[in-house]
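Student: I've got this structure open and I'd like to talk it through. Can we take it piece by piece?

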Amino acid sequence: MVTAQTFVGLLPEILAFLFSMSVLMIGVFSPRSTGLVAGLAAFGALATFVTTVVLLLTRFEGEFFGGAYVVDDFALYFKLIVAVSAFFAVLAAARWSGRTGDAPEYLTLILSVAVGAMLLVSMRDLFGVFVAIELATIPSYALVAFDRSRRESSEGGMKYLLTGVLASSVLLYGIVLIYGAAGSADLAEIAGSFTGRLTPVALLGLVLLISGFAFKLSAVPFHFWTPDAYQGAPTSAAAFLSVAPKAATFAILLRILLEGMPAAAPTWTAVMAFLAILTMFVGNLFALRQRNVRRMLAYSSVAHSGYILAAFAALQGAGVERAVQAVLIYMAAYLVMNLGAFFVIDLVGEEAKTYNGLFKTRPGVALCMVVFMAALVGIPPFSGFFGKLWVIIAGVEAGSAVTYVVVGTVVLNSVLSVPYYFGIIRNMFFEEPATDAAEPKGVGAVKFSVYTLAIATTVFILFVGPLAALARISGLG
Amino acid sequence: MPPQAQQLLDALNQTIPLEGYLIVGAIMFAIGAYGALVRRNAVVVFMCIELMINAVNLSLVAFSDYLPDAGGAGAGYAVLVIAVAAAEVAVGLAVVLAVYRSRKTVNVDEVNLMKW
């Protein structure tokens with residue numbers, strides 16, 4: 001039954017959708033009004049953010065559409081993450097897309113991904129999950145292939161598209177097999193039938209489901225699309241896609257595993273531990289040999305997926321609550337540091353040598369990059385440190401031999417990642433500037449984003465307490 | 001009518017068991033996956049993936065028809081899946097077209113500016 005409450009529960013998505021459609025329509029009727037559409041899109045993301053905060057503060061909760069759609073603190077938290085990253089992505093995208101003259105289409109695609117990601121975290125029905133995940137993914141193929149002036153863009157888009165669609169069909173097969181084994185696509189009813197020994201059909205469904213998600217999360221061995229897609233994509237799109245859809249996918253995977261198949265936890269924590277170890281090593285080792293900073297950050301995002309999967313491996317025994325907290329805190333930490341690092345690339349350039357002597361020519365931007373790199377390594381007091389700290393605590397509290405191994409791998413990989421992050425810092429401080437890199441014009445919005453995110457990364461410790469409290473009341477775990 | 005013919009008719013009149021549909025679906029899925037991995041033309045790869053999605057759809061409809069609890073809801077889901085697959089094709093062919101415009105080929109082996 002659809003009541004007025006349903007509309008309140010769906011208000012963030014409805015707002016984002018309405019704004020994305022009006023941006024598109026303005027693009028149809030007055031294609032040159034870049035400033036108007038950029039302002040409207042940014043305002044839409046902001047309105048979505050404010051609505052979600054209000055829903056969170058009023059402790060709004062409810063189940064809609066026969067329990068297939070749920071609004072709880074957990075879902076609202078991830079909607080916040082999506083809205084914030086959409087806001088910054090729109091700010092960063094406005095200048096670039098205004099120059100190419102495609103601002104309305106580009107911004108509409110960003111908002112569509114945001115709508116899909118926000119719907120995704122609330123789904124409690126596996127087919128709803130599939131539709132929402134596709135709503136978030138299909139526009140992102142177009143976003144990656146959007147830059148017609150660079151041949152890498154369409155190439156990255158095609159690689160992302162072919163692997164992504166393949167992953168979707170694998171994911172769908174997993175969902176259908178679980179639906180067949182459980183007789184229902186509703187997570188609560190699946191939980192009722194996923195007890196005791198798993199039937200072969202259910203086990204195959206679970207494996208295919210996790211493989212499909214591993215593709216979307218760029219977990220090794222399903223990560224091949226990530227570097228090409230992020231290198232080819234426009235920088236603002238790469239920044240957005242590495243944060244918002246990924247956060248939502250992690251969230252829904254957490255919900256499916258914890259609500260839908262808690263009795264099978266020993267099986268899937270083992271799979272997650274395996275994926276996490278592999279993902280961390282491959283991501284970091286490949287990042288070490290990159291000369292292109294954007295490609296390096298793509299591999300670094302693979303490695304960070306591994307750190308978050310390490311928290312999934314700790315979803316057992318006494319570690320469940322802390323592991324859920326770890327995922328929530330890590331995603332917020334990753335949001336500020338990774339968006340910031342990508343936006344610095346937008347300001348400076350993607351070749352490593354363009355960073356030579358940046359501290360002498362543009363000290364403000366260079367200092368921000370130092371903050372982001374240190375945060376991505378996990379040096380206190382920057383944001384990434386708290387994410388990793390929570391992952392490690394969760395692994396230790398879970399207290400099995402496997403989680404100890406995973407925690408050891410997290411620490412080892414943090415050390416492994418130091419050379420490539422600090423290589424950029426070395427270039428900025430100790431190399432001579434090759435050319436006098438003049439600041440491009442009209443980058444005010446991007447610079448504002450970079451400085452804001454750098455400040456958020458630095459004072460992240462202030463957010464940790466509220467985030468941990470929110471994780472505790474969020475119902476999962 | 002000879003008894004053998006009668007037996008054959010009876011056998012033909014029985015409903016096909018669920019396993020039959022699932023096996024056909026699994027074989028179709030495997031053929032699609034094989035084609036997606038070995039074919040080099042991006043459009044053909046795309047067609048193979050569509051075959052995989054339709055194989056899954058067949059399993060889905062079979063499940064919804066045979067499961068006592070499902071109440072036929074799977075048919076509704078199948079329509080959703082078809083709609084999603086159509087949306088994927090719309091964006092997918094546009095991206096393939098963009099690749100073709102920039103380098104006059106859609107062979108996935110020749111689209112190799114970026115490696116490792």
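Tutor: Start with burial: buried residues make up 29% of the 116 residues in chain B. A residue is buried if 20 or more other C-beta atoms lie within 10 Å of its own, exposed if 12 or fewer, and partly exposed in between, with C-beta atoms placed from the backbone. This is a predicted model: local features need pLDDT of at least 70, side-chain atom pairs count only at pLDDT 80 or more, and totals for chains, interfaces and linings use all residues. Residues are numbered from 1 along each chain as its sequence is written, while chains are lettered from A and ligands numbered from 1 in the order in which they are written.

Student: OK. How many helices and strands does chain B have?

Tutor: Chain B has 4 helices and 0 strands. Along the sequence that reads α-α-α-α. Helices (H or I, at least four residues) and strands (E, at least two) are DSSP runs, numbered from the N terminus.

Student: What does chain B span along its principal axes?

Tutor: The C-alpha trace of chain B spans about 65 × 35 × 25 Å. Its radius of gyration is 20 Å, where a compact globule of 116 residues would have one near 13 Å. That radius is taken over C-alpha atoms, and the globule rule is 2.2 Å times the number of residues to the power 0.38.

Student: Switching topic. How many residues does each chain bring to the contact?

Tutor: Chain B brings 31 residues and chain A brings 29. Two residues are in contact if their C-beta atoms, placed from the backbone, lie within 7 Å.

Student: Which element of chain B gives the most there?

Tutor: That is α4(B), with 14 residues on the side that touches chain A. The elements giving two or more residues to that side are α2 (18-38), α3 (42-66) and α4 (73-103) of chain B.

Student: And how does that side of chain B split by class?

Tutor: It has 25 nonpolar, 3 polar and 3 charged residues. Ala, Val, Leu, Ile, Met, Phe, Trp, Tyr, Cys and Pro count as nonpolar, Asp, Glu, Lys and Arg as charged, and the others, Gly among them, as polar.

Student: Now chain A. At what angle do α7 and α10 cross?

Tutor: The axes of α7 (residues 151-182) and α10 (residues 225-232) of chain A cross at roughly 145 degrees and come within 7 Å. Axes are lines fitted to C-alpha atoms, for helices over the stretch in contact, and angles run from 0 to 180 degrees between N-to-C directions.

Student: Which residues meet there?

Tutor: Among them are Y160(A) and T163(A) in α7(A), and W225(A) and D228(A) in α10(A). The residues of this contact divide into 3 nonpolar, 7 polar and 4 charged.

Student: Any odd backbone spots? Where is P221(A) found?

Tutor: P221(A) sits in the loop between α9 (200-216) and α10 of chain A. A cis peptide bond joins V220(A) to P221(A), with omega about 5 degrees. Another cis bond joins P380(A) and P381(A), also with omega about 5 degrees. P381(A) lies in the loop between α16 (363-377) and α17 (383-398) of chain A.

Student: What about R59(A): buried or exposed?

Tutor: R59(A) counts as exposed, because there are 10 C-beta neighbours inside 10 Å. R59(A) is not a glycine, yet has a positive phi of about 50 degrees. Most residues other than glycine have a negative phi, and most peptide bonds are trans.
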